[in-house]
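Colleague: I'd like to learn how to read helices and the way they pack. Could you walk me through one?

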Amino acid sequence: MRPVVVYTLSRLGLFAVALAVLYLLGLRTFWLLIAAFVVSGLASYVLLSKQRDVVSARMTEKRHPPSGN
């Protein structure tokens, strides 16, 4: 479960950073949330690919445990 928590917290952190930077750049309306969501999504796609692979492997292991045959 730890990789899932790390990945989730990393995504939230990227969103917070994007939100803060866009706010400081002058974006103050509803578009701030939309832009922060898009920017953090693109950043996480690039920056968190290894963590995403670990989470995917972990979920696959949980769903399909190896057989003892």
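Colleague: Which residues of α1 are buried?

Modeller: Keep in mind that this is a predicted model. In α1, the buried residues are Pro3, Tyr7, Ala18 and Leu22. Their cover includes α2 (31-47) and α3.

Colleague: Is there a general idea behind that kind of spacing?

Modeller: An α-helix has 3.6 residues a turn, so residues three or four places apart point the same way. As for α1 itself, its 23 residues reach 33 Å from the first C-alpha to the last, close to the 33 Å expected at 1.5 Å a residue. After α1 comes Gly26, with a positive phi near 110°.

Colleague: How do I describe the packing of α1 and α3, and at what angle do their axes cross?

Modeller: Two packed helices are described by the angle between their axes and the distance between the axes. Here, the axes of α1 (residues 2-24) and α3 (residues 49-63) cross at roughly 145° and come within 9 Å. That crossing is left-handed.

Colleague: Which residues meet there?

Modeller: From α1, you've got Pro3, Val4 and Tyr7; they meet Gln51, Arg52, Val54, Val55 and Arg58 of α3. By type, this contact has five nonpolar residues, one polar and two charged.

Colleague: What about Ser44 in α2: buried or exposed?

Modeller: Ser44 counts as buried because its relative accessibility is 2%, and the cut-off for buried is under 20%. A polar atom of its side chain sits 3.0 Å from the backbone oxygen of Gly41. Leaving aside residues up to four places away in sequence, Ser44 touches Arg11, Leu14, Ser49 and Arg52.

How values were computed
Residues numbered from 1 in each chain as written. Predicted model: local features only at pLDDT ≥ 70, side-chain atom pairs only at ≥ 80, totals over all residues. Heavy atoms only, no water. Axes fitted to C-alpha atoms, helices over the stretch in contact; angles between N-to-C directions. Helix = DSSP H or I, 4+ residues; strand = E, 2+ residues; numbered from the N terminus. Left-handed = near helix turned anticlockwise from the far one by under 90°. Contact = heavy atoms within 4.5 Å. Nonpolar A, V, L, I, M, F, W, Y, C, P; charged D, E, K, R; others polar. Expected span 1.5 Å × (residues − 1). Buried < 20%, exposed > 50% of the residue type's maximum accessible area, 1.4 Å probe, protein only. Polar contact = N/O pair within 3.5 Å; in protein donor to acceptor, adjacent residues only side chain to side chain.
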